[in-house]
Amino acid sequence: MQTVENKGFVRQLIHGTNFDADSLSALQKVTLRAVVMSFLFFGLVAIEGMIMRIVQMGPTNNFLPKMFGVPDHYFSIMTVHPIVGIFGSTYQLVFAAFMFLVPYLTKKPLYSVKLANFVWLCITIGTALAWFAGFIWHYAPLYTLYWPLPADVEQFSIVGGFVFVVGVALIMIGTLGFIYNIYATIFARTGIHANKTTKELLISGFGIDGLMNLIHKLLGKKPYSKEPALSLPVVAIFRGTVDTFLDALVILGAGILVLIYLIAFSGGADWNVHAVDSLLYKNFFWWGLDLVADGLVLIYVAGSWYLLATLITGQKLFMENVARAALLLELFVSWMVWSHHLLADQPQPEMMKLVSGEMVTAFELLTQGLALFITLVTLWKARPLKMSPELAYLLGGLVGFGLAVPAGIIQADMGLNRVLHNTQWISFAHFHIALIVGLYMTLYSALYVLWPLVTNNTKLFSKKLTWAHFWLYLIGGVGMGAFAGMAGLDGMLRRHLYVNGEFSGWMILAAIFGSMVLIAWFLFLYNIVMSVGLKGLVGIFMPAKNDVAGYGIEEETASPAKA
């Protein structure tokens, strides 16, 4: 990673280092557009998180306007907080990385850059609409959206609900566009796949070839496939996108149901919300939403670890066939673990709690633990390795999931679940650390690995800022998750507003470490802006002069890629 000395603040701010937006291809530009929007939304969600931490400090809170402590406003922030963080920020960054990586790894052009532009615009506009629904109309059915709460027009504005659901629908439509683009690219019979059949690509995409190789080895037979049609990272992208598709259909379906009721109520109809069974809706909703965490995230992250480990070390992945087979196992596991969210729900069938909630969920330790082990052994076998930002962030991502997955798995027990699941333990020790530390540090590693490819070898402004960002982010993310999680162990409920400072000690500590995450984001943003310059930042959103939709390849056909 190259850095550059400061050449005058104003000149540096305007022009950056050696970044030239005009030299970027259509694929590079659409990738960077989504990345920019992702980190802007991350800043918004970090600020929202700090507001909630400070409000929960109770009477000691003299830092914020009183409006933030008003329940309607507080819970509207809580409602849109995960929408902005998961969809506006995380989805955009993951989708950007994979829309670049699939062409890069398959040596084929992206099916459509126009569609890729539609994706980031759809998700950006949808996230903004959902946020405005909370900020302006205080639409606040919390992030669970349990039926019939989202359609309750006595508590919430019909207009706010309508805007929120339309926003979420746009996000899901953008997601479906991403899926179509990825699969159309993978299954295109061009380049290295010109002689591959759809059957071969499907077998490789699902990891069946890896499983068959293991079986053949155990039986003493020749390998089923010496050269799989798809590389392992592409297999992970393929596999995770299956869950992304199912998740998008479920959330879109739930949104359409809410929208139908809101339209009926706005027309004066008096529809019975209890015509929809609440428990059935809850299982449907959580089956889809859990695919984000236990399917999409874990599979995508495992594939990212494998890719990063091989790119950083230049070595072949350790136990590659096992990794392929494990990704196939994780796919099936991800479809059957949703009930661990419903272990404390009395009407939920006991057998579903036992099989889905406890037994199948326990496999997450095996699948994700195996991915962590394979990645670490690959790194170990390549030693000595020089510590670089790419490697440090990868290790940080491994630490994040190493902490967060067990913190979540211990709740996959009907007894412990009743004590922990509705507390801040699950919110912070589990999924905040999983997302902030585990997922995002993995994505930061990918960003620094791909930086020279996406920006045409742009020099980074300051390596010192990169390391400052790393340590502040890692310590802040783990510290905030740990201390807020401790408040959960003391009985602090999630989805609850404490106004008397009942847990102010823990919240003050969580706010201190949370502020480190926010400061880290400012340092990262400053470093990137000073690298590309304000002129370059604007140039990213200008039409591309180079229509190429691939990386390092010559396209044989005209590209529909005008950016």
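Which residues have the most contacts inside the largest nonpolar core? In this predicted model, the largest nonpolar core comprises 164 residues, and those with the most contacts inside it are Phe39, Phe164, Phe178, Tyr306, Phe401 and Tyr473. The element that gives the most to this core is helix H3, spanning residues 71–106, with a contribution of 20 residues.

The open spaces of the model were examined next. The largest pocket encloses about 600 Å³ of space, and its lining is made up of 27 residues, of which Ser231, Leu232, Lys316, Glu320 and Arg324 are the closest to the pocket centre. Two or more residues of this lining come from each of H3, helix H8 (232–266), helix H9 (278–313) and helix H10 (320–334), with H9 giving the most, namely four residues. When the lining of the largest pocket is divided by class, 14 residues are nonpolar, seven are polar and six are charged.

For the second largest pocket, a volume of about 390 Å³ was computed. Its lining consists of 25 residues, and those nearest the centre are Leu32, Val35, Val36, Phe39 and Leu447; Phe39 is also listed among the residues with the most contacts inside the largest nonpolar core. At least two lining residues are supplied by each of helix H2 (26–55), H3, helix H15 (424–455) and helix H17 (504–540). The class composition of the lining of the second largest pocket is 23 nonpolar and two polar residues, with no charged residue, whereas six charged residues occur in the lining of the largest pocket.

Enclosed spaces are also present, in that the structure holds five cavities of 30 Å³ or more. The second largest cavity contains about 70 Å³ of space, and its lining includes Ala97, Phe98 and Leu101, together with Ser304, Leu307, Leu308 and Leu311, and with Thr442, Leu443, Ala446, Val449 and Leu450. The elements that give two or more residues to this lining are H3, H9 and H15, and H15 gives the most, with five residues. By class, 10 residues of the lining of the second largest cavity are nonpolar and two are polar, while none is charged.

Helix H3 thus recurs throughout this description: it gives the most residues to the largest nonpolar core, and it supplies two or more residues to the lining of the largest pocket, at least two to that of the second largest pocket, and two or more to that of the second largest cavity.

Methods
Residues are numbered from 1 along each chain as its sequence is written. This is a predicted model: local features need pLDDT of at least 70, side-chain atom pairs count only at pLDDT 80 or more; totals for chains, interfaces and linings use all residues. Side-chain values use heavy atoms; hydrogens and water are left out. A nonpolar core is a set of buried Ala, Val, Leu, Ile, Met, Phe, Trp, Tyr and Cys residues joined through side-chain atoms within 4.5 Å. Buried means under 20% relative accessible area, exposed over 50%, partly exposed in between (1.4 Å probe, protein chains only). On a 1 Å grid over the protein atoms alone, a cavity is a set of points where a 1.4 Å probe fits but cannot get out, and a pocket is an open set with protein on both sides within 12 Å along at least five of seven lines; lining residues have an atom within 4 Å of a point. Grid points are joined across faces, edges and corners, and a volume is the space filled by probe spheres set on the points. Ala, Val, Leu, Ile, Met, Phe, Trp, Tyr, Cys and Pro count as nonpolar, Asp, Glu, Lys and Arg as charged, and the others, Gly among them, as polar.
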